[in-house]
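Thank you all for coming this morning. Please take a moment to look at the sequence and the model on the screen, and then I will walk you through a few places in it.

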Amino acid sequence: MSPEGALLPYVATLRDVRKLTPDVKLFSLELDDPAARERFSYKPGQFAFVSAFGVGEAPFGITSVSYRQDGVEFAVRKVGTVTAALHELEPGAKLGVRGPYGNHFPLEEYRGKDIYIIGGGIGMAPLRPVINTLVDHRGDYGRLVVLNGARTPQDLVFSDEFERWAQSPNTRVELTVDRGDEKWKGRVALIPAVVAELAFSPQNAVTIICGPPIMIKFTLVELKKLRFADDQIVTTLEAKMKCGLGKCARCNVGDKYVCKHGPVFTFAQISGFIEQY
Amino acid sequence: MAVGFEPRVVGFLCNWCSYAGADMAGTSRMSYPPNIRIIRVPCSGRVDPLFVVKAFQMGADGVLIAGCHPGDCHYTEGNYHMRRRFALLQPFLDYVGIEKERFRLEWVSASEGKRFTQVVTSFTEQLRQLGPRKDRELMAAKGVQRAV
Amino acid sequence: MSQVIAREDLSRWLNSLMEERTVVVPVVVGDMVFFRPVAKAEDMTISRGNATLGPKGCLFPLSHTMFTVEQEDGDVRVIPSSLEREMVVFGLRPCDAQGLAVFDLPMLAEPADQYYRERREKTALVGLACAEACAECFCTSTGGGPHDARYMDVMLSEVPQGYLVQAVTEKGKKLLAKAPLKDMAVQAPTPPDVPRVPTDGIVAAMRRTFADKYWSRLADRCIHCNICSYVCPTCYCFDIRDYQQDGKTHRVRSWESCQAPGFTKIAGGHDPRADKGSRMRQRFAHKLLYFPEEFNNVLGCTGCGRCVRYCPVNIDIREIISDVQKIGGG
Amino acid sequence: MQDKIRAKARELLETGTVDCVIGYERATDGLTARPVFIYGTAGVDRLVFDQTCVHNLSKFLLDRRDKRTAIVAKPCDSRAINLLINEGQLARDKVYIIGVVCQGMPEVSWNRVSKEPQERCQRCPQRVPVVYDYLVGEPVEALPVTFSDVEQMENAGPAERRGFWLEQFGRCIRCHACRQACPGCYCSECFVDQLDPTWVGIRKDVTDNEMWNTIRAFHLAGRCISCNECERVCPVSIPLSLLNRKLEKDVGEFFDFQAGIKAETVPPFATFKKDEHLKGVE
């Protein structure tokens with residue numbers, strides 16, 4: 001395989017496709033070249049470009065954890081041409097992957113801290129490897145609360161994993177939906193309201209948040225009320241990208257490249273950007 | 001006439017009349033040149049000029065649009081709109097050098113299997129006489145640089 | 001003593017280079033000048049001033065296939081493209097060569113862009129010094145000059161006896177190995193005066209004016225035609241998409257402009273730069289603020305003046321540089 | 001003319017009739033003009049009008065649909081305003097049109113003005129704006145329309161025409177400046193930007209460029225008002241007016257229609273006649 005500056009994808013085989021919600025599928029791939037598989041090691045928060053050959057490629061947060069070595073996973077919501085093409089694929093199909101790119105959530109810095117994870121909709125995708133890492137190394141960190149919201153109960157992406165997460169020590173999983181259905185017994189509330197209700201303590205804590213811009217905007221207001229400082233709130237930004245190498249200048253936000261300097265930023269960093277995002 | 005040249009024809013056939021007409025030709029075991037690749041459209045009025053230019057871009061030697069006879073449109077007026085569009089598009093394509101003989105509009109009803117075979121036969125023959133498109137040669141002569 | 005190539009020998013030399021290399025020269029088409037590969041050097045024109053489009057496209061093509069994907073019986077092969085012949089670009093001006101040096105900074109930064117690097121390594125630049133300055137030029141204000149040979153491999157300057165030849169790099173010397181040069185005592189011509197646009201405090205001033213309403217007022221008359229980006233020797237934004245041809249998938253990269261509506265729009269619909277003002281500011285902020293901050297104070301503009309000449313609504317970077325320093329002066 | 005425009009602009013801004021006047025000011029070459037947006041009476045003296053005011057300003061009205069705007073409009077520009085009103089893009093009562101009589105404009109680019117009027121102006125019948133609220137200049141007689149340029153192309157052989165256009169399209173860099181400058185191009189998503197299906201490939205090859213140029217022109221059939229902004233802005237000098245004017249000529253011949261002359265007339269592609277006989281159609 002050629003160097004990454006050639007923007008060449010590794011050829012990969014789709015091993016498994018699982019429908020998570022009506023419009024989200026979880027794709028598990030394996031790189032064909034064993035040497036490439038070896039090199040393709042990544043950390044929670046990093047992303048990669050997935051190619052549907054003939055249609056194009058798009059960047060996605062990697063939603064598996066590297067050390068488990070059971071395939072590179074992406075949770076993909078059908079929104080555009082590439083994602084629609086990916087949704088058509090069945091196990092055994094060939095696709096392309098290049099990456100991993102970008103920085104990652106600095107989990108090593110969070111050792112001993114309480115961690116609150118807030119995900120809205122498909123925003124849970126880049127948070128899943130964080131949660132799984134914390135669950136696998138439960139003793140290294142303080143309290144873990146996962147707050148996951150979605151439009152409807154059907155749209156909660158990793159619902160089959162909630163129980164496993166909740167069973168690990170010192171961990172809570174809180175769910176909420178915008179609109180319930182006849183079977184839903186849980187919360188019907190917007191995420192910012194639930195944040196206010198749960199009243200997380202900023203004491204020795206970090207909040208990791210990902211979701212639609214509007215959710216982030218109002219959740220930030222609540223976190224500020226709870227006296228979380230900007231550098232205690234971490235997110236991962238979404239931007240249009242073409243190269244992932246800081247060259248195509250698409251993901252430029254002020255003087256930062258989301259692909260190179262990010263996608264993980266604290267809100268202290270984001271509010272320091274010259275251009276408001 | 002180029003030796004061994006078989007024109008490639010793209011036919012946009014209206015679902016209600018002309019496609020049924022082609023079907024009729026087939027079930028009646030009437031033969032027509034295999035040069036035509038048929039694309040079924042809900043109505044001749046559905047044929048966007050984009051489709052026509054795209055077909056020529058992809059290498060078609062001729063494009064045929066066939067729809068219901070005026071007055072018979074399943075959607076009352078689709079073919080009238082197509083008629084106006086065609087009246088303007090054919091001379092326009094001719095103007096950019098895609099000869100008007102390469103682009104036809106015909107009315108074929110569901111019962112006119114015979115007429116369908118005649119249209120395809122005469123169109124194919126016309127294109128055969130006209131020969132292949134000369135874009136490549138002309139580009140080379142004009143020194144047009146191609147994308148790498 | 002200096003080395004000189006006679007006018008009639010110039011074509012002979014270029015023709016001899018064609019045996020092993022692609023030779024790209026300025027060619028006149030109507031009232032425009034383009035850099036194009038030719039079969040004989042006699043087809044070139046040495047015109048005054050700048051070509052309509054600079055030689056950027058020789059090293060970073062308007063669009064090109066990066067690699068093809070061939071699929072057969074479940075087997076997938078990814079085949080990168082490469083440049084077969086070495087190339088000589090003849091007749092470029094110092095501002096365009098400087099444009100390539102600016103291009104090098106992001107493109108050759110690790111991980112280097114393989115396709116650009118290959119073309120860059122296989123290309124030699126034979127420049128022409130400017131005998132006169134155009135009204136829209138301001139190269140001396142952006143770190144260059146009409147006789148600046150630093151970014152060339154060979155530099156020619158017009159003298160009565162022909163062209164004064166200066167081998168700048170080893171690559172240039174090799175190119176000149178078989179050139180019919182004559183040793184003569186000739187005076188190097190003096191560079192012409194180029195209009196000046198003070199740029200001393202521009203980076204700091206850009207930062208200070210970033211949030212000023214100046215940008216949205218300026219964007220009032222912008223039609224986002226993208227021409228400035230396309231004619232610019234330093235604009236390097238690109239797009240990547242697949243293109244199907246003859247049953248193969250080509251992954252194609254092409255020029256794109258940050259001025260285009262939807263440039264930053266993501267699949268979900270959110271567009272962080274949806275308004276005209278922020279897109280317009282992006283182009284100037286990139287050249288005059290982000291770029292020099294990232295790359296050791298090098299401006300992302302070489303003063304070629306093309307955007308001034310071709311802008312249909314006279315958005316004039318020289319005027320903007322002065323305005324910004326006035327508004328954001330320290 | 002200039003004084004009258006300034007006086008009118010001042011009056012409109014002072015009385016609050018409009019929030020902004022779109023006109024022309026001197027460009028940085030000190031010779032030609034550029035569009036300017038005047039928001040208050042203080043800026044009124046920046047307004048100029050002369051032979052270098054070639055731009056069609058009407059497209060700027062689409063950025064100000066809900067605001068009351070005055071605009072300086074030449075005859076061709078006024079046709080664009082009618083077109084936009086006809087297509088429901090603009091409300092007549094939001095726009096105050098300062099019409100200017102036109103004797104034909106020279107070729108103008110930065111720092112350059114030709115001596116002769118533009119070719120298209122020599123063929124243009126409109127000398128007085130077709131719609132205005134206030135007219136500047138003495139009305140002059142309209143001229144007959146001629147299409148000698150188009151006819152010349154029509155009379156060339158097919159191979160010659162094909163070669164000519166392939167050469168032109170081969171030069172296109174697909175910057176889409178023609179679209180951006182055109183007052184009739186306001187689709188929220190242009191076909192060239194559509195990805196599913198992709199009509200125009202990312203490769204900037206002559207075949208894809210032809211797709212772009214022909215369909216762009218055809219989308220303006222019966223809509224183009226001949227302001228020629230597309231050709232003026234084209235950085236690689238593709239003679240787009242030859243495409244647009246062919247369609248204008250045929251639309252005139254077949255449907256007796258000229259775009260933008262009246263805001264109320266139903267355009268030819270929005271209607272049909274059941275028993276019409278069109279040239280080339282059985």
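Let me begin with a question: is D:R203 buried or exposed, and what is its relative accessible area? I should say at the outset that what we are looking at is a predicted model, so please hear everything that follows as a description of that model. In it, D:R203 is buried, and its relative accessible area is 7%. Its partner in a salt bridge is D:D205, and the closest N and O atoms of these two residues are 3.5 Å apart. D:D205 has a relative accessibility of 0%, so this residue counts as buried too.

That pair belongs to a longer list, since the structure holds 79 salt bridges over all chains. One of them lies between A:K242 and C:D239, where the closest N and O atoms are 2.9 Å apart. Why does this pair join two chains? A:K242 sits in the loop between β12 (233-236) and β13 (252-253) of chain A, whereas C:D239 belongs to strand β11 (residues 238-245) of chain C, and so the bridge runs from one chain to another. Both of these residues, A:K242 and C:D239, are buried.

If we stay with C:D239 for a moment, we find that this residue also forms a salt bridge with C:R241, with the closest N and O atoms 4.0 Å apart. The relative accessible area of C:D239 is 7%, and that of C:R241 is 17%; because the cut-off for buried is under 20%, C:R241 counts as buried.

Salt bridges can also be linked to one another, and chain D offers a case of this: D:E154, D:K246, D:K249, D:D250, D:E253 and D:K279 are linked in a network of salt bridges.

Let me finish with some strands in chain C. How many of the seven residues of strand β6 (residues 86-92) of chain C are buried? The answer is six, so that this strand is mostly covered. Strand β2 (residues 21-29) of chain C runs parallel to β6(C), and four bridges join them; within this pairing, C:V24 stands opposite C:V89 of β6(C). β6(C) also pairs with strand β7 (residues 123-128) of chain C, again in the parallel sense, over five bridges, and here C:V88 stands opposite C:A124 of β7(C). As you look along such a strand, it may help to remember that in a regular strand the side chains alternate between the two faces of the sheet.

Terms used. Residues numbered from 1 in each chain as written. Chains lettered and ligands numbered in written order. Predicted model: local features only at pLDDT ≥ 70, side-chain atom pairs only at ≥ 80, totals over all residues. Heavy atoms only, no water. Salt bridge = Lys/Arg side-chain N within 4 Å of Asp/Glu carboxyl O. Buried < 20%, exposed > 50% of the residue type's maximum accessible area, 1.4 Å probe, protein only. Pairing = 2+ DSSP bridges.
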